[in-house]
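Biologist: Please take a close look at one helix pairing in this chain, and tell me how the two partners are arranged and what their contact is made of. I would also like to see that part set against the chain as a whole.

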Amino acid sequence: MGPAPRRSRMTAGERRDQLVQVARALFAERGYDGAAVEEVAARASVSKPVVYEHFGGKEGLYAVVVDREVTDLLARMRAALVGRGRETVESAALALLTYVEESPDGFRILVRDSLPGSASFQTIIADVASRVEGILTEQFRRGGLDPGLAPMHARMLVGMVATTGQWWLDRREPAKEVVAAHLVNLAWNGLGGLERSPRLGADPAAGPHPPR
């Protein structure tokens with residue numbers, strides 16, 4: 001038998017991505033304070049100096065991990081906030097829950113306290129709320145309500161969706177579509193007009209049905 005084929009070395013970009021993925025799992029598991037560069041290096045089968053060479057230390061590595069998650073979630077939420085009225089609320093709720101489902105480690109990191117000066121979950125909340133504000137302002141004007149109250153209601157709505165995502169993170173039931181439908185039911189109809197069996201894509205013209 002001939003000699004075993006030599007494994008090709010990772011490029012600098014591949015190594016950087018590997019370290020980010022390893023650190024992402026570790027930060028999600030233990031938080032920033034509980035994670036150590038030594039363990040990142042050990043899990044990636046490299047020496048500590050390699051981690052420092054790419055990121056300058058734990059703080060730099062953490063900042064990269066958080067920035068990638070912020071970029072991903074913001075892109076998803078911005079893509080969802082393109083419709084009007086109830087459809088937009090449905091899309092936004094489902095987009096957040098889909099992110100939680102597909103990137104649980106990333107969401108765990110974002111909802112923890114971030115380092116001073118770094119992007120955080122609050123950055124995303126503020127961005128999404130500003131976009132929802134414009135949608136609600138239009139909705140309020142059409143309904144004869146005070147559009148000056150739209151910023152407050154936007155924060156209420158986005159905060160409700162975000163905290164529900166945190167609650168659903170480790171439960172994963174009921175299904176995300178069911179959770180999203182109930183979120184929209186409460187946000188759109190209020191406690192006094194809850195539908196008995198809400199579902200996504202329902203015809204808002206049918207009107208709410210008071211609970212029994």
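Modeller: In this predicted model, helix α1, which spans residues 12-34, packs against helix α2, residues 37-44, with the two axes 9 Å apart and at an angle of about 125 degrees. Because an angle between 115 and 145 degrees falls outside the roughly perpendicular and roughly antiparallel ranges, α1 counts as oblique to α2. The crossing in which α1 passes α2 is right-handed. On the side of α1, the contact is formed by R15, Q18, L19, V22, A23, L26, E29 and R30, while α2 contributes E39, V40, R43 and A44. Sorted by class, the residues in this contact of α1 with α2 comprise six that are nonpolar, five that are charged and one that is polar; L19, V22, A23 and L26 of α1 are among the nonpolar ones, as are V40 and A44 of α2, and the polar one is Q18 of α1.

As for the setting of this pair, the chain contains nine helices and zero strands, so that its pattern along the sequence reads α-α-α-α-α-α-α-α-α by the DSSP assignment. Of the 212 residues in the chain, 40% are buried, and the accessible surface comes to about 11900 Å², with 53% of that area belonging to carbon and sulfur atoms. Among the contacts in the chain with a separation of 6 or more, 59% are between residues 24 or more positions apart.

Technical notes
Residues are numbered from 1 along each chain as its sequence is written. This is a predicted model: local features need pLDDT of at least 70, side-chain atom pairs count only at pLDDT 80 or more; totals for chains, interfaces and linings use all residues. Side-chain values use heavy atoms; hydrogens and water are left out. Helices (H or I, at least four residues) and strands (E, at least two) are DSSP runs, numbered from the N terminus. Buried means under 20% relative accessible area, exposed over 50%, partly exposed in between (1.4 Å probe, protein chains only). Contact means heavy atoms within 4.5 Å. Accessible areas come from the Shrake-Rupley method with a 1.4 Å probe; for residues, only the protein chains shown count as cover. Axes are lines fitted to C-alpha atoms, for helices over the stretch in contact, and angles run from 0 to 180 degrees between N-to-C directions. Angles under 35 degrees count as roughly parallel, over 145 as roughly antiparallel, 65 to 115 as roughly perpendicular and the rest as oblique. A crossing is left-handed if the near helix is turned anticlockwise from the far one by less than a right angle, and right-handed if clockwise.
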